[in-house]
Each structure stands twice: as structure tokens, then as C-alpha cells.
Amino acid sequence: MPKNVSSSSALIVDSQLGEISHHREIVGALSFDKIDVASSVNMALSYLRSVRYDLLLVSYDLGKGQKNGLQVIQEALAEHLPLHRTVTVLLTNPDVSLLVGSLSAAPDIYLAKPLSRDRLAPRLEKIQRVKRAVYRVEEAMDKQEWNKALIYCEKLASFYPALASYLDRMSGICFLALQDYIQAEKVFKKAVSTRRQNWAKLGLGITFFSQGKYQDSQQCLQDIIDHQIVSIDAYKCLAQSFQVAGQSGVAITTMRKAVMMQPTVPQSHAALGNIAAFFAEWALAMEAFQSTMDFSRYTGLQSPEYYFAYVRALLARFADGQILAEEMEVKALRALESVSNDFDAVSIECRVHVLGFWLNWNQEKQSLALAHLSQAHEIFLAMPLDDQWLWLDWLEEALECAANATQLTSPREMMVKTRIKDSWVDLLLVGIHKLNSKDYSQAQVMLTESFRLQPASVATALATAQLLITIKVKNVQDCTLSNQQIAHVLNGLVAQEFGLLTQRQAQQKAKLIPRLYELLE
């Protein structure tokens, strides 16, 4: 951050021409030399990808049906754009609730419209002084060097006692990123004990959730929501805490409220879709995943899993007789074509053909289904070994279904021979072998490490969950099992997108989550 505002740059984001002119005049009067203007979130992101601004002045309301201004910050951070050193100002209408966003995606300054120089200048000067003082911390956070940032926070705390609250917030974010929940809880509890600070209450709620203290988490997060504070993280964690307890109605209602409050936020739609799919509410899941695809497209939040989740939900609705074959096929093909065009990865193409198999097989179009399966098998064999292990269940489930109609076989045996020693795959296979041979202590070591190395592996998450349940039920004496270990696997399973799962894996997940929840003491 520069020592003064001269030779500084600013980005103004607003959809109203009159307000843009007014805001440009005020910012220019504060000696910002370079001023760029964007009228939408996507346009603002295109600027932020190429320029590191000193000031980001964003109007929350960017027009009916358009993404809101808070999403500029959220999507920029999703793309890992360096925003920590930028002063972010969110302009809201006087009747808008306080917007927290998330711990890391909250603006530095909130101001109600109309904007004036007299109100902006002192707030801007104050936060600039803070930014200069914590420059090293925020530089480390931009690079995701969390331990280095914590060291700087500790050093600065002794020099700048007035910045204790600001430094506590950054320390809390770092501890959460490092999954050091005990230290994060200490930081947020300390902040909450002094005075009401919404960011600290939110952080404490997330920390409780991460440790499996779901009732404590619900109290914190419900308090945030009851104070009409809009936070994606608060709604999502609260809904997931109801999900693990099997409270489908409350979980779904919670995320529906989040969607109603911010209808253009893809993360809220995705969370709603995942929860709806978990409880087999297929129509709602389809609608939510469609909205997620629409609002995340061409942003850092876009993911192929939303497309695959949408198609999986379509197939489930068809299997339940809720949708006609013609409608299902048209919508599924459109989604599969989009994911092929939007993502250039061999594994994506393989999964597209696997879903193409199911799409046709469920309609009794055997020849087309087998053609897709043959292509998926061929593409799979050309994939990197690591990707093969991630998506082997997708291929094998289709091969098993068509076993009497094809001579194609699973490449598992060949893959086992070529696995890399001490890789997450090797640890997974050895761990499963130890589990089956009832060597539970070694199985715990192997599967826990495999899950740490590759949390995206559904097979590893499911195997680890099954192991923990077995250890608890059998009361295995030589295995230590804490609530935090159980919560880590439980929350890891919940966090895995529905689009990652095969039909069988989705069924296993639905059975294991309530059993894991029952293990918590």
C-alpha cells in the first residue's frame, strides 16, 4: 500500500451512470490518479485480473437480476486475486442489512448511499494507515503463506495494541486455513468476549462446526442470522449442521433463505443443491444446480461438478418417474455438451461418456450406451494414473451394470501393479487391506494420511468413515478416536460435491453420515 493516496489506482463498480460520475468525482478529489470503472461483477473481475488497485469502491446493488457488489470480492478471492492489500468499500442502500459475506470476503468499509467525500475520506485514511502497518501480514495472506502471516501478526500485536481486533481477525483466518481449530477457537472466543463483533461470532461458529460441536455452532450462526446479517458461510455451515443430524426440512429451509436473500450467489445455490440431493429432493436439486451453473459460469467458482450433479439429479428424477425421457435427454445432453466445452480435461471427457452411458442405458438404448462406455474406457486408459484412481469407481460401476453386454473389463488390476509407493493411492489400498484383515490401528494410520493427502477422493473418504465407525462400534482398544477426528471425516464427506459421486457412492454417503454423527460424544 502506498504511503499516501497520490499516484494510486481505484476501481469503481456501479451500474448507474449518474452514480458512477458522482463516485468518480469524489475519488478523483482524493488524488487517485488512475480510476477505472466497471458496470458489472464480471467486468470488474476482468480489471482485477490485470491490475492491483489501491481502492475498490463497489455498489452492492448492481441492478435487478444481476450479481451483487459483494460478489466482486468473493469471486476475486475464489480466483486467488491479491485483494488483501486493497481497501474495499461497499456502498449499500440505507435499508440493507449489514453484509459480512465471509471472514475473508468482507469489505473493509461499509458506507450507506449517497456517498460523500466527508464520509469517505476519514474512513479511507484510517484503513490505509492500518493497511500500511499490516502490509507484511496481508502480503503473506495473498500468497497463502499462513504460518508466515501468523508470525507477522504476533510481532505486530506488541507494536500496535490498537490493531488487536484487526490482527485477531487475520490470525483467526490463518488458523482456520491451517485447520488449527483449537487456536482459532481461542482467538475468536477472545474477540467475542470483549464486545459484539460479527466477524468473530461467525468465525467461532465455523470453528465449532469444524470440530463437530454442532449445537454450539448452531447457536453462534443462528445469532448471526437473527441479527439480519447476510453471510454465505453462516447459512451454509448452519444448514450442514442440520444435514448431518438428519434434519432435512430445517437444512433445506435454511439454504432456501440464503438463496432468497442473495439469489445470484452460486455458492448458496450449490449448497442447496448438495443438501437437496443428499435427501433425494431431486426437483429442488436440479433447479439449484442449474442456477449454480448459470451464476458461476466464466468465474473462478465455476466447477464441472455442478454440471455432473445436474445430470445425476436428472437421471434420479427419471428413475423415480418424475420427468419424461424426452425432457430428461434434452436437458442432460445440453449440460454434458456445456461441460465439455467449458472444461478442457481428459477426465471430464471420460465422465461425460460415463454419464452418456447411463443416459442411454436407463432408456434401454443399449447400443448407444455401450458406444459411450467403450469411449469412456478408451479415454480412461489414456488418463494419468492419479486421475484414474480418482474416477475408477465411475467406470467400474458402469462396467458392472453392462457386464453381460460387453467384454470390457476394469483396469484396476493393472493400476494396482503400477501404483506409486507411499502415494495417497498406495496408502488407500494398504489401508483397505488392513481394514479387511482387522488390523485397525494400521488401517487408521494409512487411511487418515491418504485422506489428508487427497481429500477429493470419495473412495478414501468413504473407507475412512467406515473405519472410524468400525473402531467405535468394536471399541478397538489400540486405536485413539477423538470427536475432532470424527468431525474431520464427517465434514469432509459433507463437503464433497454431489457431482463427484457415483450413484452407489451417494447411497453409501447417505448411510455413513448419520452413523458418523451418532459417534460424536
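Two strands count as paired if DSSP finds at least two bridges between them, and the exercises below apply this criterion to a predicted model.

**Exercise 1.** Determine how many bridges join strand 3 to strand 4, and what the order of the strands is in the open sheet.

Solution. Begin with strand 3, residues 55-59, and strand 4, residues 87-92, which run parallel and are joined by 5 bridges; with at least two bridges required for pairing, these strands pair. One position to inspect is S59, which stands opposite L91 in strand 4. Next, place this pair in the open sheet, whose 5 strands pair in parallel and follow the order 2-1-3-4-6. The ends of that order are the edge strands, strand 2 (32-38) and strand 6 (109-112), each of which pairs on one side only. Finally, the average turn between neighbouring strands of this sheet is 20°, with direction ignored.

**Exercise 2.** Trace the chain from strand 1 to strand 2, and decide whether the crossover is right-handed or left-handed.

Solution. Strand 1 and strand 2 run parallel and are joined by 6 bridges, and within this pairing S8 has F32 of strand 2 as its bridge partner. Between the two strands the chain passes through helix 1, giving a β-α-β crossover that is right-handed. Helix 1 (residues 17-29) lies across strand 1 (8-13), strand 2, strand 3 and strand 4, and runs at about 160° to strand 2. Helix 3 (residues 70-78), in turn, lies across strand 1, strand 3 and strand 4, at about 130° to strand 3.

**Exercise 3.** Explain why strand 2 and helix 17 are described as largely enclosed by the rest of the structure.

Solution. A residue is buried when its relative accessible area is under 20%. In strand 2, 5 of the 7 residues are buried, so this strand is largely enclosed by the rest of the structure. In helix 17, 13 of the 16 residues are buried, and therefore the helix is likewise largely enclosed. Helix 17 covers residues 346-361 and reaches 23 Å from its first C-alpha to its last, close to the 22 Å expected at 1.5 Å a residue.

**Exercise 4.** Establish whether N68 is buried or exposed, and which residues its side chain reaches through polar contacts.

Solution. Locate N68 in the loop between strand 3 and helix 3. Its relative accessible area is 7%, so N68 is buried, the cut-off being under 20%. The side chain of N68 reaches the backbone nitrogen of L70 at 3.0 Å, while a polar contact of 3.1 Å joins it to the side chain of Q262. Once neighbours within four places in sequence are set aside, the contacts of N68 are V41, Y60, L62, Q262, T264 and V265.

Notes: Residues are numbered from 1 along each chain as its sequence is written. This is a predicted model: local features need pLDDT of at least 70, side-chain atom pairs count only at pLDDT 80 or more; totals for chains, interfaces and linings use all residues. Side-chain values use heavy atoms; hydrogens and water are left out. Helices (H or I, at least four residues) and strands (E, at least two) are DSSP runs, numbered from the N terminus. Axes are lines fitted to C-alpha atoms, for helices over the stretch in contact, and angles run from 0 to 180 degrees between N-to-C directions. Contact means heavy atoms within 4.5 Å. The expected span of a helix is 1.5 Å times one less than its number of residues. Buried means under 20% relative accessible area, exposed over 50%, partly exposed in between (1.4 Å probe, protein chains only). A crossover is right-handed if, with the strands pointing away from the viewer, the path from the first strand over the helix to the second runs clockwise. A polar contact is a pair of N or O atoms within 3.5 Å; within protein, one must be able to donate a hydrogen and the other to accept it, and residues adjacent in sequence count only if both atoms are side-chain atoms.
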